[in-house]
Every structure is written in C-alpha cells, then in structure tokens.
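Here's a quick briefing to read alongside the structure. Have a look at the model first, then come back for the notes.

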Amino acid sequence: MTVPVFLAALAFAWPLLGAAIVMAAPTPRSREIAIWMAGAGCALAVAVFLFPATSAAAEGWDDDPVQRAGRVMLAFGLLLTVMENSTLQDRLLRGLPHISTALTGLACVAPDPIVGLGILEAALAYGVFVFSRPAGQARAGWALVRTGSVGIFLVLSGLLLPSGSAPAGLMMACGLVMLAGLTPFGQSWREENDTYLFLPFAGAALLLSMRLRAHGGEAFETALVAAGLASVWLTACAGRSDEGLRLFRTFPSALALIAVGAGADVAALLFLCGWCLAGGNRSGRSWAARALACFPPGAPFVGCLLLLSMLSDWSWSITVLTVAGILCAVVRSVPVEGFTQDLWPEDAAGRVACSVLVLTGFLVPLAMMLGAF
Amino acid sequence: MTLAVILAPLLALCVVARGIGFLPALGVVTAVAMLVDAWEPLQEFGAVCVVLFSVLPVWFVSRYQDDGARERTGPMVPFLALGLMVILQLATGTPAAMGEAPGHAGAAYLPAGLCVALAGLVAVTCRQAMVWQWAGLLACVDGVMLSGVIENQVMVVGVTALAGCVVALLGGMCVHRVMLRVAVAPAQGGAGAERPSARSGGFELGDVEPAGPEPRGLGPEAVVAPRIWTEAEAAAEDEEPLPRPGKADQKAASPNADTKPETDLTSPTAEEHKDKAAPDAETGSSDEDDAETAEPQDAPDAKADPAEPTETESTETGLLKTDPSEAKTEDHKPGVGRAVPAAEAPDKAPEHTPDKEASGSTDQPAPVDPEEAEPVPRTPEMIARDVWLRGYLTERGRDA
C-alpha cells in the first residue's frame, strides 16, 4: 500500500474515529478533543488533495480534483461546526457532525453515484435518529426522512430511465434539488442544529450532482439552472422578512446548482466553500452574510465571477437574469448591518471561517491557472 | 409484460386513493411481477424485500388506532398520479422515445415500476396523514425495486433495499410515538366472553382494578362526570358548531346529575356498567365525526340516565378497533393510574377515539397529578407508563 492510498483511506476513516473518541470522552473535555480531531481531519483532507492516490482512479474510486477539493470544504465545515458549538451533553449529538461528515465524504467518493445515494440515505437515517430522540420531535424527524427519501427515490428513478432522456434529467434534477435543500423546493430544516447534518448532506448532494451530469443530459442541466434561478429570484423578492432570511440561508447552494448546470465545476466548488463555511444557520452573522452575498474578498465572490464567465458562453439571457437576480438579492436580502459591522469577527470560529474563505478565493483561481482543476 | 406488471400501477393508484390498506396487495403483485420473468437470486431478493416492506408495516400499523387526522386534500390526488403516469408512459414507453436508447430498441413497454414510484411520490407529497405518507414512501420502494429488478441493476436494488429499511424503521418509530395502541380488554364474565371489546392501550384501567384498594359496587349515582362532560362538550362544540339533538338532550340532563367531587373509586363500576350496557362492540356506525368521537364523557352521563345512552356508547365502541387476537399481546401491558386517562382525554379530544375509562376521571389537564394518583399505590409498571405518557403528551402538544 502506497502512502497516498493510505492517506486517502485514513482521511475517510478519520471522522469516524473522531466520532468514536468524542463520544467516549468525558463531557468537559469533549469539545477540545473534537476540535483537535476535526483539525487533523482538515489536514488529512488537504494532504489527500495535494497527493492524490492515482491508483484509486483505475479501480473506480473517484479521483476528480474538484471532488477532492470539495471534501476539503466538507472537512473545514466540520471544524467550524465543532468550533462554534459549546460543550454538548448528549453523546450521540456530539458525535453526529463527525459521522455525517464521514458518511457524506464516503458518498462523494464511492465508485458509483448510486452507492453514494445509499450512503447519503444512511447518513440521513442516523441523523434523524439522533435528532428525533427527544420527546416532541417525532414528526419533525419524519419530515426529514420523508423529504430526503423522496429526493433519493427521484434520483434513483431518473437513473433507471435511459441516459440522456428528458424524463431522466428532470427526475434527477428534482431529486437533487430536494436533497440539496434548496429553500422553496427542499425541506425547511430546523434552525438550531441544522449544521450537524444539513451542511455536509447538502454539500454531498452538490458534489454528487456534478457526477450525475453525465447521465442526466441536457434536461438535467437546464432543470438545475432553472431551479437555481427560481431560488435566487425568490430570495430577491422575499426581502428581509423572516421568509427572506430563510431563503438567504441557501443562497450559495442555489448559485452552486446554477454553476453545476452550466458546467462550471470550479465555481460550484467555490460556492460550496461558501456554503460549508458561512451557510446554514451562520448566515445571520454579518461576516457570513457578507460572504454569502458574494462580497469581495471571499470564495463566493470569485465563484460568482467564474460562473458569470461560463454562463455567458452558455446563454446570454440567463446570464442577465442571474446577474440581475444576484444584485436584487444582495440589495434586498442581506441584513442591513451586514454591510458595515464586524469586518473581522470576534470569535475564533468566525476568524477561521473568514481566513479560509479568503484563502480559498485566492488559491482556487491560482490552482486553476496552474492546471490543477 | 405480464398481468402483474399491469396490475401494479393500478394498485399503486389505490394506495394513493384509499390508503395503506392496499399496500400488501401491491407488494405481493410486485413480487409476482418480479418472479414471473426469471427466478434468479436478484429477483428473489427483490421479491422478498418488497413483500417484507409491504406487509410488515401494514401489520404494524394495524396494532395502532387510527389517529383520525382529517385529510384536507381533495379527491383530485389520484388523478394527479394518473396524469403523471400517463405523461411518463408517453415520454418513455413509446417506441419513438425509446428507439434511440440502447437496450430498449423499438419495443413498447410499460414503465410499471416507475409508475408505481410516481404514484408513491404523489401520495407522499399530497397526503397529510403520516401513515398515508409512509404508505407512499413504501410504494416508492416497491416501484423503484421493481424497476431495478426489471432493468437488472444490482446497485439500485441494493440501495433501494437499504432505503426501504430506513423508511420502514423510522416510519415505524414515528408511528409508535405519535399513535395510540389498540388494546383489547379481557373478557369479563361469561356474558362478555363472546363479544370482543377494544380499548385504547394508553388508558387501560381494568388491569389494575383488581389490585386497587377501592371498594367495588358503587352505584351509578356515584358517577360525577356530568360536570366534566359539559366542559368537554363545550370544548368540542367549539370545534363543531352544528348542534345535534342528542347532545342537546344530554346537556339538558346534565345539570340534574350529581355534582359531588369526583373520586377515582367510581370508575371501575362505571366500567363494568358500561361493558354490560354496550350491546355489541362491532356494530357501531363509524361515520360519526371527530367531535362526536371526542366525547369520552358521554358514557357516565349515559349511566346516570340509562334510558338514552346506548346509541352513543355503541358508536364509540364501534369506532375502536376490535381485534380479539390482540388480547394476549396487550394484556401484559399494565394500566395506568386514575389520573392518566383524565389528562389524556381532553388533550387529544379532537383527534382520538376516546376510551370509556375516562368517564370516571377528572378533567385536569396535568398529565400526572400527584394528588390524584396518591390513593393508588404506584407500581413500577404504572410509573413507567406515566413516563411514557408524559413523553407522549409532550409529543402531541409540540406536534400540534
């Protein structure tokens, strides 16, 4: 076994190991241990990105650089989730972000996207089991299972239809939009701890959608762009009401789906970075709102530029619609204090997130120019 | 193409239109459709999975009471599913659509599995009752697995089996937490032996009565429920504004009833009286609305005035599920303290078929009232039951 293969295997097993250690550790020390384990997981993911296991590609395990970089984003999302949490009493809840990140990472790398869907379903089942244990949460858990399973069955149905046909593309796009939790179409995830399951789950759905594009054909791409545009414009129309803020939480995934539909994988990767580090329930904070609204510097801003450059090759009318939608959404939906306050966040988690966002925004175009993607 | 393949979408439409009752038939037909063409390990696995995922949930749900959730979706939902099936057939089933696709050169076929899955998706999306949504998801499992077996895609079959396990287990957990068990009372005396009577599993009193310290044989005049009855009646009438003559009569009679403070001692007697008074548990008309079924306190009034009550009693009893085979499985479940049914009855009055035990209890909203429960020595089973009930009530409250 060569070193890159060992690294790759370790990178997948690491979050599971972290979950076991965090769940076994005594409660007062669990947060510290979780931060260390998640940090080591980030280092491992970066190492796997830099030293890919070339033999794995021959055996069917995916070795696309965008997918590897996406798993780095998932690992940083886990680190941030752990850092911004206080010490949790519930052992299962404590281990949930590690386990869901491990399973979603495995789903992204599985040799067949169908297997990836199965692993996603398993991650969903575990997360729902943990979430719905307290009294009064049974129906909320059932809503999660229902929406996630509907998405997975839609994608499976699309995969069973002949490749490239319009019904297959439409079904797969609908399923992926539901899995990615795009706000008007997906489910309303719960506010308080959606980052535990939702962030890696939606990120994995975005990464899987890149791999399913080959089967979906043109209808798939068009449907993804249409769904993303609809979400962006709904965000713009909803304004700053509660509904608008809820829509704004999934703003980067809407842009990422447009990017996947337009074939701009690197742009989708940058939006995924914004989603993992600033999306979900972090979007209420000013630094996160600024990053999500594609303000420079930051990964979503660079992703926006890349997306528009790719979209203009694809279709001018859609480019104009996208630009107008993004501008309207930024003007109407970003919280007012998001423009001015809190340029450099106070807490450590926010600082890490801002640093990673800015670094990714610089490094990814650089790597693109150097031919890494 | 076999008859079973054609029947499967029809049964899926029945699931969309009528509910989970058609799911076992759908599962069996789907399994037959898989096994007719070939008898390979893949087909056998798919057939076994489909039958398991279709029969076991229905058996599981049959042990719980219908939660009586009113379905607000209109009658158009099955037609929506049918329309989607037709569109799918037009888009994929015609030779023109499939001609260029490899593997289906020129052959017209019915995408039966995907039609079943579409019907299931429509049921999940459009129906509001949790059990119905569960049935829809399980129909999806059937359909995708049938399609995967026909297309010979091992991965899809495996992933669908996993998803089916997840849906069946988590759905079963949810059903267990939000619905009430059906329990059958043991036959009391020779007269009651041949007539099954069902009660809600949450409120059995009969199991603890023999051990209870209270004296038996209190007359019906000791029943104090009319005061409670009027309050619950008023609450129910808020929901159901239409006046009904039977209720009006009962209301008029209620002020004359005895209003001395309510004691727990009355309930056993009331229970026995009612069991003897109810003519036949099976013959109740089940078309009463929710507000009517939500009247647990009808019964004591009925006993105070034995001339009029049998109609309402038989209606209530008939609404409960009766299944004699459940008696043995349920009897080991101990009853709860007196206060428990009292709290339960007003809590979910609009949704659940009540049990008759609530007649002898108060209308205190607290789930477990220590003062009420004091006279009865609390066995560990009762304490466990209280804990369960408290969680259950929290569940109902939050979900509402």
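What follows covers the overall fold, the contact between two chains, and a few backbone oddities.

Keep in mind that this is a predicted model. In short, chain A has 16 helices and 0 strands, and it touches chain B through a patch to which α7(A) gives the largest share. A cis peptide bond in chain A and two residues with positive phi, Cys294(A) and Asn152(B), round things off.

**Chain A overall**

- If you go hunting for strands in chain A, you'll come up empty: the count is 16 helices and 0 strands.
- The radius of gyration of chain A is 19 Å, which agrees with a compact globule, because a globule with 373 residues would come in near 21 Å.
- Measured out along the principal axes by calculation, the C-alpha trace of chain A covers about 55 × 50 × 45 Å.
- Of the 373 residues in chain A, 56% are buried.
- Take the contacts in chain A between residues at least 6 apart in sequence: 74% of these link residues at least 24 apart.

**Where chain A meets chain B**

- Chain A puts 30 residues into the contact, and chain B puts in 37 residues.
- On the chain A side, the elements giving two or more residues are α6 (113-131), α7 (138-160) and α8 (166-180).
- The largest share on that side belongs to α7(A), with 14 residues.
- Sorted by class, the side of chain A that touches chain B holds 20 nonpolar, 6 polar and 4 charged residues.

**The loop between α13 and α14 of chain A**

- Pro296(A) and Pro297(A) are joined by a cis peptide bond, with omega at about -5°.
- Pro297(A) sits in the loop between α13 (286-292) and α14 (299-314) of chain A.
- Cys294(A) is also in the loop between α13 and α14 of chain A, and its phi is positive, about 65°, even though it isn't a glycine.
- Cys294(A) counts as buried because it has 25 C-beta neighbours inside 10 Å, and the cut-off for that is 20 or more.

**A positive phi in chain B**

- Asn152(B) isn't a glycine either, yet its phi is positive at about 65°.
- You'll find Asn152(B) in the loop between α7 (130-151) and α8 (154-178) of chain B.
- Asn152(B) counts as partly exposed, because it has 13 C-beta neighbours inside 10 Å.

Note on methods: Residues numbered from 1 in each chain as written. Chains lettered and ligands numbered in written order. Predicted model: local features only at pLDDT ≥ 70, side-chain atom pairs only at ≥ 80, totals over all residues. Helix = DSSP H or I, 4+ residues; strand = E, 2+ residues; numbered from the N terminus. Rg over C-alpha atoms; globule rule 2.2 N^0.38 Å. Buried ≥ 20, exposed ≤ 12 C-beta atoms within 10 Å, placed from the backbone. Contact = placed C-beta atoms within 7 Å. Nonpolar A, V, L, I, M, F, W, Y, C, P; charged D, E, K, R; others polar.
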